[in-house]
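Q: Could you take a close look at the side-chain pairings here, and at how they tie the helices together? I'd like one connected walk-through rather than a list.

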Amino acid sequence: MRWWSVANFVSNAGTWMQLTVQNLLVLQITGSAAATGLSLSVQAAPGLLMSLAGGAAVDRFPRKLTAAVSQALLGAVAFVTAFLVAFDQLSVGVLMVLAAVTGLIATVDGPACALLGNDLVRPEDVPSAIGVGSLVHNAGRLAGAGLAGLAVGVFGTAAAYAANGLSFLFVTAVIPFLRPVPAAVAGPSPAAVPAAATVPGGADGMTVREGLAFFARRPRLVALAGITGISAVFGRNYGLTLAVLVTGPLAGGAAAFGTVSTVLAVGGIVGAVVGARLRKPSVRVVGLLAAAGALLQVAAGLSPSLAVLLVLVLPMAVAESVSDTAGTTVLQTDPPAHLRGRVLGVWGSIRTVWSLAGPPALGLLMELAGARGALVTGGLVIAGAIAAGYVLQDRRRVPAPVLVPAPALTDRPALSTAA
């Protein structure tokens, strides 16, 4: 697990470095911010449909082999891009194709690497492993964003892509030496899996429909999707909402927003550490934390100054990070072992819908209500929707009164008066 965490840190740093450089590269080639957004959408688009097939592939083939092959392919795409950039042969069309190929490979790589990390620890330690993964992700994001400027300024754009390719090869080289815990790979015995958790066909079919059927029949997974989806659409896009709030109503500059972004990242790391201590997270915990983060978002939208905003941003990021870690744990441990890849594939498709629909919807809300109005309205919508869901759930749990018929009087002796 230590080797896997180091490899993931290196890979995450390389990925975020490449993503940052890719945005700068598209701007350099086209001079269009719209084209930059399009490149991100093209990379995310394969997840809309192909995540289902990618999750089925993860269930069908050995996990270590699947993760190693996908990491090697991602490395190959990075090296090809570096070669084209170095020899000035990269056009916008080719870059879009490479972005789409990267997104396609990621539909397999994402669930394969996530589940492989869980296989390295005992089942009871999976929440801690997911928390460590979240911590590594946030630390890699900070390191990658910082290294992007250094790589471009000193070595050039091609070097950033080449470095990312090397990071993927490092992960590929580490995977053969990992030793999964046998109990984690085997999963629960069939007798231990509830009847509601099974679908017709068993593990042999490995069909995409099995993953869809399982997800649709599990109310807790559907509720988790609802909570995460509404949070993703009306919150979380702080790179957009807080940037406008800081540079607009709060009259700050780029440096001030950089400070806010740093506090958000620190809160994410703290939340990952706290989330790693959750032993048995539930959807209810996820919802309560998401609602708390939403209410803090409302307060952040009403901040009178940058200092007050900084005070609110830290606990907001902590609450949302712990909520994300708890939700990921539920998602990756609720399905039986032979269905986890396909369930993550379903989740990948749903998450792609959020990532494609969220920014435009939030942008429209900001156009209508401004940055403050978008933060306040979005937070109230999230908290209200979660509260309504809990009320409906509690009503369903209340048992209906059972009417007991009165005993018949015909069998009793007739009443008479004393003589």
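A: Let's start with the aromatics: searching the whole structure, which is a predicted model, turns up 3 aromatic pairs. In one of them, the ring centres of Phe-83 and Phe-87 sit 4.7 Å apart with the planes at 45 degrees, so this pair counts as tilted. Phe-87 is exposed, its relative accessible area being 52%, which is over the 50% that the label asks for.

Phe-215 and Trp-347 make another tilted pair, with 6.3 Å from centre to centre and 45 degrees between the planes. That centre distance still falls within the 6.5 Å limit for a pair. Phe-215 belongs to helix H9 (residues 208-217) and Trp-347 to helix H15 (residues 340-397), so the two rings tie together parts that are 132 residues apart in sequence. Here both partners are tucked away: Phe-215 is buried at 6% relative accessibility, and Trp-347 is buried at 10%. Add Trp-354 and you have one aromatic cluster, made up of Phe-215, Trp-347 and Trp-354.

Now for the charged side chains. Side chains of opposite charge can pair when their charged atoms come close. In this model the count is 7 salt bridges.

Helix H15 turns up again in one of them, where Asp-59 pairs with Arg-342 and the closest N and O atoms are 2.8 Å apart. Asp-59 sits in helix H3 (residues 50-60) and Arg-342 in helix H15, so this bridge ties together parts that are 283 residues apart in sequence. Asp-59 and Arg-342 are both buried.

Next up is the bridge between Arg-63 and Asp-119, again with 2.8 Å between the closest N and O atoms. It links distant parts of the chain, with Arg-63 in helix H4 (residues 63-86) and Asp-119 in helix H5 (residues 92-119), 56 residues apart. Arg-63 is buried, and Asp-119 is buried too.

Then there's Arg-220, whose side chain meets that of Asp-334 in a salt bridge at 2.6 Å, N to O. Arg-220 is in helix H10 (residues 219-234), while Asp-334 is in the loop between helix H14 (306-333) and H15, so the bridge ties together parts that are 114 residues apart in sequence. The two ends have different labels for burial: Arg-220 is partly exposed at 32% relative accessibility, whereas Asp-334 is buried with a relative accessible area of 13%. As for bridges that share partners, they join Asp-59, Glu-210 and Arg-342 into one network.

That leaves a helix packing to look at, and helix H14 is part of it. Two packed helices are described by the angle between their axes and the distance between the axes. For helix H11 (residues 238-247) against H14, the angle is about 170 degrees and the axes are 12 Å apart. An angle over 145 degrees counts as roughly antiparallel, and H11 and H14 are therefore roughly antiparallel to each other.

Zoom in on that contact and you'll find Tyr-238, Leu-242, Leu-245 and Val-246 on the H11 side. Facing them from H14 are Leu-306, Leu-309, Val-313, Met-316 and Glu-320. Sorted by class, the contact of H11 with H14 comes to 8 nonpolar residues, no polar ones and 1 charged.

Technical notes: Residues numbered from 1 in each chain as written. Predicted model: local features only at pLDDT ≥ 70, side-chain atom pairs only at ≥ 80, totals over all residues. Heavy atoms only, no water. Phe/Tyr/Trp six-rings, centres within 6.5 Å; stacked < 30°, edge-to-face > 60°. Buried < 20%, exposed > 50% of the residue type's maximum accessible area, 1.4 Å probe, protein only. Helix = DSSP H or I, 4+ residues; strand = E, 2+ residues; numbered from the N terminus. Salt bridge = Lys/Arg side-chain N within 4 Å of Asp/Glu carboxyl O. Axes fitted to C-alpha atoms, helices over the stretch in contact; angles between N-to-C directions. Parallel < 35°, antiparallel > 145°, perpendicular 65-115°, else oblique. Contact = heavy atoms within 4.5 Å. Nonpolar A, V, L, I, M, F, W, Y, C, P; charged D, E, K, R; others polar.
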